[in-house]
Amino acid sequence: MSRSWIRSGNEVLATLQDVVAIESVNPDLPGGCRGEIDMVEYISDFFDAAGIPSETHEVLPGRSNIVATLEGVNPDRVLLFECHMDTASADIMTIPPFEPHIRDDLLYGRGASDTKAGGVAMMHAMKRLKSAGVTPPCTIKYAGAVDEEYRFRGALHLAATVKADAAIIAEPTELAVIRAHKGIARFRIVVKGIAAHSSKPQLGVNAISKMARIISAIESEIVPMYKKSVHPLVGSPTVNVGVISGGTQFNFVPDRCVIEVDRRVIPGQTPEAALDEFRQLLSRAQAVDPELDAFLEEPFLLDGAMETPESAAIVQIAINACRVVQGDAAITGVPYGTDASKFTAVGIPAIVFGPGSIDQAHAAVEWISCEQVLTAVDIYQQIMMTDLAV
């Protein structure tokens, strides 16, 4: 079968084109089918050809993490480079999602920015060391993880099973060193009403109307509290009511309404504590309105925030590597969540670092700067060549 895109003569970019052409949409998202299966096969073949051993670890039925290992001078000191292999849905894209054309230094396709470019750059940095016969001071592990786009189950498995002294997580940070990011609580609030014919609404309890008052209370009572808590790197907590559903037809008084809520927590806060704000709000609302039957379901996702001290060795090593390769370094935080928090939660210092912009992640037209990808390879290689003990 012929392809519509031209493979780059640069081996790094050609590898990136190959993996972008692989459909690895998370199977829990619209359009997802095979998940990460073909990515694991490609990455395994890549490391086999490079002479770097790898192994797979099943996380979910038919879905496995892959871990490759390049032994270091000190085999007991491990530096982990991690990247997720799944992508967001491609259903909204307005370009062919798996045709990785390169035009004007931009490589297009789903996952190009989020975050196959970072993973490819890590892989090629390891390959360079192996090809040159260079033994890094620490053992280097590359991990391709499943399920970042849904519930972080690949990273959770890695954090529980892979020994590491520090971790670098690939995400599109525009080559800035990220040492802090927000955490997430995702949950549903349910209101139960009483069905009735719409010609006699007084015989029922309208669940949608009750929910509207809860949403209004969230905006007037909870949101203002967030402005009082500001983290210097990631800003304030946020809340978003992303989905609302309820009712059956025009002439029914709706007996059920549900909202799906995304609450972002900052370092120093916990997702579990964030839920209490909403439980207390519902309790206050029910005290005022005896007809209100509302409750918060068991949360869909609780994921902690991440913050690694600026003085941590991995932060300083990454900053120095950026300066060596490109003359300067930026260090900051981001408002989104990543796999990094799973490692810091078990005591592994972590940063987030990679080519590309988060503005392109999940976009209808996703692309990445080829120049940034090539620079990332150099920076990752520089990090790999620095001893964590220094």
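## A tour from Glu174 outwards

Select glutamate 174 to start: this residue lies in the loop between strand E7 (166-169) and strand E8 (177-181). Helix and strand labels here are DSSP runs numbered from the N terminus, where helices are H or I runs of at least four residues and strands are E runs of at least two. Glutamate 174 has a phi of about 55 degrees, a positive value although the residue is not a glycine.

Some housekeeping before moving on. Residues are numbered from 1 along each chain as its sequence is written, and the model is a predicted one, where local features need pLDDT of at least 70, side-chain atom pairs count only at pLDDT 80 or more, and totals for chains, interfaces and linings use all residues. Side-chain values use heavy atoms, with hydrogens and water left out.

**Zoom out: the whole chain**

Show the protein chain as a cartoon and you have nine helices and 19 strands to click through. Along the principal axes, the C-alpha atoms fill a box of roughly 80 × 50 × 40 Å. How does the radius of gyration agree with that of a compact globule? The chain has 23 Å, and a compact globule of 390 residues would have a value near 21 Å, which agrees. That radius is taken over C-alpha atoms, and the globule rule is 2.2 Å times the number of residues to the power 0.38.

Now colour by accessibility. Of the 390 residues, 53% count as buried; buried means under 20% relative accessible area, exposed over 50%, and partly exposed in between, with a 1.4 Å probe and protein chains only. The accessible surface comes to about 16600 Å², and 51% of that belongs to carbon and sulfur atoms. These areas are Shrake-Rupley values with a 1.4 Å probe, and for residues only the protein chains shown count as cover.

If you plot a contact map (heavy atoms within 4.5 Å), take the contacts between residues at least 6 apart in sequence: 79% of them join residues at least 24 apart. For charges, colour 32 positive and 49 negative side chains; the centres of the two sets lie 5 Å apart. Lys and Arg count as positive and Asp and Glu as negative, leaving out His and the chain ends, and each charge is placed at NZ of Lys, CZ of Arg, CG of Asp or CD of Glu.

**Next selection: the cysteines**

How many disulfides are there? With a disulfide taken as a pair of cysteine sulfur atoms within 2.5 Å, the count is zero. Cysteine 138 is in no disulfide, and its nearest cysteine sulfur, that of cysteine 322, is 18 Å away. Cysteine 138 is buried at 1% relative accessible area, and cysteine 257 is buried too, at 0%.

**Pro100 and Tyr108**

Jump to proline 100, in the loop between strand E3 (74-84) and strand E4 (102-103). Buried or exposed? Proline 100 counts as buried, at 0% relative accessibility. Leaving out residues up to four places away in sequence, proline 100 touches Trp5, Gln17, Val20, Ala21, Leu107 and Tyr108.

Follow that last contact to tyrosine 108, in strand E5. Tyrosine 108 is buried, with a relative accessible area of 14%. Beyond four places in sequence, its contacts include Val20, Ile95, Pro100, His101, Val365 and Trp367. Try a distance label to serine 369: 261 residues along the chain, yet 9.2 Å from C-alpha to C-alpha.

**Backbone oddities**

Aspartate 105 sits in the loop between E4 and strand E5 (106-108). Its phi is near 70 degrees, a positive value in a residue other than glycine, and aspartate 105 is partly exposed at 35%. Then move to the peptide bond from aspartate 114 to threonine 115, which is cis with omega near -5 degrees. Threonine 115 lies in helix H3 (residues 112-131).

**Last stops: two aspartates**

Aspartate 28 is in the loop between helix H1 (11-20) and helix H2 (37-50), and is partly exposed at 37%. Which residues does aspartate 28 touch, not counting those up to four places away in sequence? Show Arg63, Asp147, Tyr150 and Arg153. Serine 89 is 61 residues from aspartate 28 in sequence and 9.3 Å away, C-alpha to C-alpha.

Finish on aspartate 76 in strand E3, which is exposed at 58%. Aspartate 76 touches Lys163 and Asp165, with residues up to four places away in sequence not counted. The C-alpha of threonine 139, 63 residues apart in sequence, is 7.2 Å from that of aspartate 76.
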